[in-house]
Every structure is written in structure tokens, then in C-alpha cells.
Amino acid sequence: MKSILTGIIFLAVFGLFAQKPTMDIQGVEVVKTSHVLNLAGKPLNYTAYTGYMHMKADTGKVLAKIFFTYYQKDAEDAGKRPLTFTFNGGPGSASLWLHMGGVGPKRVLLKDDGTATAPPYTYVDNEYGWLDKTDLVFIDPVSTGYSRAVGQDASKYHGYVEDIESIGAFVRNFLSRYERWASPKFLAGESYGTTRAAGLAKHLQDRHRIYINGVILISAVLNFGTNDYAIGNDLPRALYVPSYTAAAWYHKKLSPALQARPLADILKESEAWSIGEYASALIKGGWMSAAEKDAIAGKLAYYTGLSKDLCLQANLRVDENRFYKSLRRADGLSVGRLDARFTGRDLDDAGEYVDFDPSFANIDGPFTSTINAYMQKELKFKEEKGYNVFGDVYLWSCKNVQNKYLNVAESLRDAMAKNPALKVYLGCGYYDFATPYFTALYDIEHMFLRPEQRSRVDIKMYESGHMYYIHKPSLIQFKKDMDGFFDSSK
């Protein structure tokens, strides 16, 4: 009898204090947990909802389960607070980078320069997160995170149009399920997530009549013609040079005259030369004289820290992969793609291309480990299927843009034209080669925005890489910039 009574007491106590999954209003299992964030010395109480949105056919059949994490600040006017839908890119990446990097209530603990600590990794309160300004919804598209298709081929979701439609439907359903139609609405994406955000801004307006207050572009790619290093496409070759300059300056590979100057100062000079004299030379191609080609090679070496001979051997077109290997070859080091501040050691120093990206290797383990630990420990969400940091989404379909480059800059321009209240933030890292900063600036200036539209685009630069928020000084500045953006978008 005593053991039975003890068991009853145990169950009662456990049931009282354990976080249990609760059913949302449409009968889909979602875990609801309560939390407190220490923000600037003050407690911020919030509720987290972690689980799935079921995407259904008209018949009611579940076609896909989209995983999300929704953070809502506890407040009387919760239904009217700003709401930001957030996702990463790839395509094929889950949302853990923004979630656990610079935006969510927790962040991976890294050294101040962004270098990973030794494993096992941990996370801390993110005093630079956005929850004091906006509620947050982190979305993992189908085949990423825990999201998946149900009873059908997942490739039906793997394409520009398909992705926009599924995430657009998610946004519409979310607003109804959680009664957020009255909230100011924002879209925040990183990398290919900026492609998704720009396309969504137009799609949500045209398809669902959902008008957005702000689009947040973190390390943007809007026109793939500006960063596809294909033979015959010389545009990226001109637009990448300022990033080469930035990386060479960071690694002290420029001439003493350039090295002694501030980064922003020499980048202005590099930008002007790249879209002027250098771009003209690339257009000339075989029409250049030998003397002209030699002079351009000398200038290219001057602004990139590479040898003049390499520039000539590459026909004045040093692709990014050769740059990673060549910049510090003499030191036996390669530089990173996501963040050129990081260096790695390859099998040998003679190869033409690097063995791996040291900047990605730096964050891969810490973010993967902590998102799994955080989901289980803090959010009480347990799933037998693995969390796909990168899902298998290839070949990614761009069937709507066959025989040309995907360009969503026009979609964003269209959305801004139809919605005069729509504001845009564009953030770029100087040392980012996944989405080089000058390609993003080029895309904005080729949207041909009218003066009153251009005034609604806020551009910020950071001395970091693709995930510029891993660099603590940049994270602090990012928070200040976003506070200003949200305040100005009211």
C-alpha cells in the first residue's frame, strides 16, 4: 500500500511540474513552454510554441508538416505586437543559424571574434535578440529541420515557386491560428532566405492580400546573375573584387600604401575601379591589347593581394575558389568562404582549390549541437527523426526562370511600389563570399527605385562575414540597427 501511495504522489508531483505537449486550436500537437529572458538587466517573460503546422489539401489530407518555433512576449496587447517570420537559406538550410545566432532569445556561446569554443558547446541568454521589439516565428521549410512532406514526393516543395507558395500558405495559416492579423508583419531571411523574403513580399500581397511592414535582408542574394561565376558571365567577376580587397586587407596582403588606410576608404576606391576600368576591360575580352591586359592585371593584383602572374594566367578572371587557396598559399593557409577572416589547413599547399571551408567548420558543430540540446532541454520538444541542418533539396527547381537567372529584386520593387509603407533593411558583411556585399548593393541600385522608395531602404555594413552576428561587435551593432529599423517601421 505504501509503494502504491508513493507512486500516486510521484505522479501527481511530476504531472504538476512537467511541461506537457498541448494541443493547438486545430488539433495539431504543439509544445507550449514559459520562459524568462534577462534583457539589459530586466526580466522579459515570454511563451514559446514549438511544433508543426499541417499543410492540407482541400480534402483535409495532410500534405506536409512544417516545423516552427514561435516566441511571444507575454503582454496584454500580444495580438498587436510586431511579428517577424524568420528563416535561413541554402536553399535547404534549417533556421538554426538566425535562431541560435543573433535573433532568438538564446545564442550559441562563441568567443568574441566568432571563433568556436572547445566542445561540448553551450548556449546563453541572447541579450541582443529581437524579442523586446517583435515576436518571432522561426520556420524550417519542407525537408529542413523537422519539416517533411507526408505521403508524397518532397521534391514537390523543392523549388523557388513551390517554396514561396508553401511558406506563403504557412504565414496565412499562422496569422489565423494564432490571431495575429492585427500585428505589424515583417519577413527576415538570410542568404537564400533573402531570395525567399523578397519573393514572399510580392506573393503575400498578390495572392493573400497580406501587406508587409518590413523586409529584413541579411547577407542578400536577389539576382543570381550577380554571383554565379559561370563562364561567359563577367558581372560577378567585377562585383567580387571589393570583397577580395577586404579579405586581403584583413590578412595584411595588400601593399603598405593600401594596408595603412581604413577599410571603408580603400573599398570605395576598389569599388570605383571594379565597375569602371576593370568592368570595361572584361567587356572588351579579346579586343584588349597586350599592354592593356598587362596594366589591368597589375591593378587587379594591387586590389586583391594576388600575384600579377596569377591574374594573367587566369585571363583577368580569378574565381573565388582560386582566391581562397591563393591569398595565403605562402603561409600554408586557405581562407574561408562564409567568412574570410577564418583560415584552414589543407592536405597540401599546392592544390588549386581548398579542401573545406574553415569558416563553416567553425560554426557547424556548435550550432548543430546546441539546437538539438536546446529543443530538448528548454523547449521540451522531442522528435525521433533527426533535425536536418541541411536537407536534401536538390535539384532545386527554378522552372519559372529557365534560361535566365533568378532575379527577385524585381519582385521586391513591385512589392514596394504597391505598398508605400514597406521598408527594407539590407545588412552585409565585408568578408562574406557566399553573398558578397557589392553584389547586393548592385542589385539594390538596379531596382531603379524612385527617390521616395529608395529612402525606405536602410543599408548597414559589418566587419564580419556571412553570419555577421557571430562576431560580437557586429552582433551589438546589428541589435542597434534592428532596434532603429523596427522603431522607424511603426
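# Reading helices, cores and backbone turns

Student: At what angle do helix 8 and helix 9 pack, and how far apart are their axes?

Tutor: Two packed helices are described by the angle between their axes and the distance between the axes. In this structure, helix 8 (residues 263-284) and helix 9 (residues 290-304) pack at an angle of about 150°, with their axes 11 Å apart. The axes are lines fitted to C-alpha atoms, for helices over the stretch in contact, and angles run from 0 to 180 degrees between N-to-C directions. Helices (H or I, at least four residues) and strands (E, at least two) are DSSP runs, numbered from the N terminus.

This is a predicted model, in which local features need pLDDT of at least 70 and side-chain atom pairs count only at pLDDT 80 or more, while totals for chains, interfaces and linings use all residues. Residues are numbered from 1 along each chain as its sequence is written, and side-chain values use heavy atoms, with hydrogens and water left out.

Student: Which word describes the orientation of helix 8 and helix 9?

Tutor: Angles under 35 degrees count as roughly parallel, over 145 as roughly antiparallel, 65 to 115 as roughly perpendicular and the rest as oblique. Helix 8 and helix 9 are therefore roughly antiparallel to each other. Helix 8 passes helix 9 in a left-handed crossing (the near helix is turned anticlockwise from the far one by less than a right angle; clockwise would be right-handed). Where the two helices meet, the helix 8 residues include Trp273, Tyr278 and Ala281, and the helix 9 residues include Ile296, Leu300 and Tyr303. Contact here means heavy atoms within 4.5 Å.

Student: How do the axes of helix 6 and helix 9 cross?

Tutor: The axes of helix 6 (residues 241-250) and helix 9 come within 7 Å and cross at roughly 50°. These two helices are therefore oblique to each other. Val241, Tyr244, Thr245 and Ala248 of helix 6 meet Leu300, Tyr303 and Thr304 of helix 9.

Student: What span should helix 3 have, and is it enclosed or open?

Tutor: The expected span of a helix is 1.5 Å times one less than its number of residues. Helix 3 (residues 160-177) has 18 residues and should span 26 Å; its end C-alpha atoms are 26 Å apart, which agrees. As for burial, a residue is buried under 20% relative accessible area, exposed over 50% and partly exposed in between (1.4 Å probe, protein chains only). In helix 3, 13 of the 18 residues are buried, so the helix is largely enclosed by the rest of the structure. Just after helix 3, Glu179 takes a positive phi of about 55°.

Student: Which residues touch the most other members of the largest nonpolar core?

Tutor: A nonpolar core is a set of buried Ala, Val, Leu, Ile, Met, Phe, Trp, Tyr and Cys residues joined through side-chain atoms within 4.5 Å. The largest such core has 99 residues, of which Phe85, Phe170 and Phe174 touch the most other members. Leaving aside neighbours within four places in sequence, the contacts of Phe174 include Met53, Phe68, Phe85 and Glu179. A second, separate core of 52 residues includes Leu37, Tyr46, Ala94 and Phe342.

Student: Where is Asn223, and is it buried or exposed?

Tutor: Asn223 lies in the loop between strand 11 (214-220) and helix 5 (235-239). With 17% relative accessibility, Asn223 counts as buried. Not counting residues up to four places away in sequence, Asn223 touches Tyr405, Leu406, Asn407 and Asp443.

Student: Which residues are joined by cis peptide bonds?

Tutor: One such bond joins Gly90 and Pro91, with omega about -5°. Pro91 sits in the loop between strand 5 (83-87) and helix 2 (96-103). A cis peptide bond also joins Tyr394 and Leu395, where omega is about 5°.

Student: What phi values do Lys252 and Asn315 have?

Tutor: Lys252 has a positive phi of about 60° although it is not a glycine. Lys252 is placed in the loop between helix 6 and helix 7 (256-259) and is exposed, with a relative accessible area of 66%. Asn315 has a phi near 60°, again a positive value in a residue other than glycine. At 39% relative accessibility, Asn315 counts as partly exposed.
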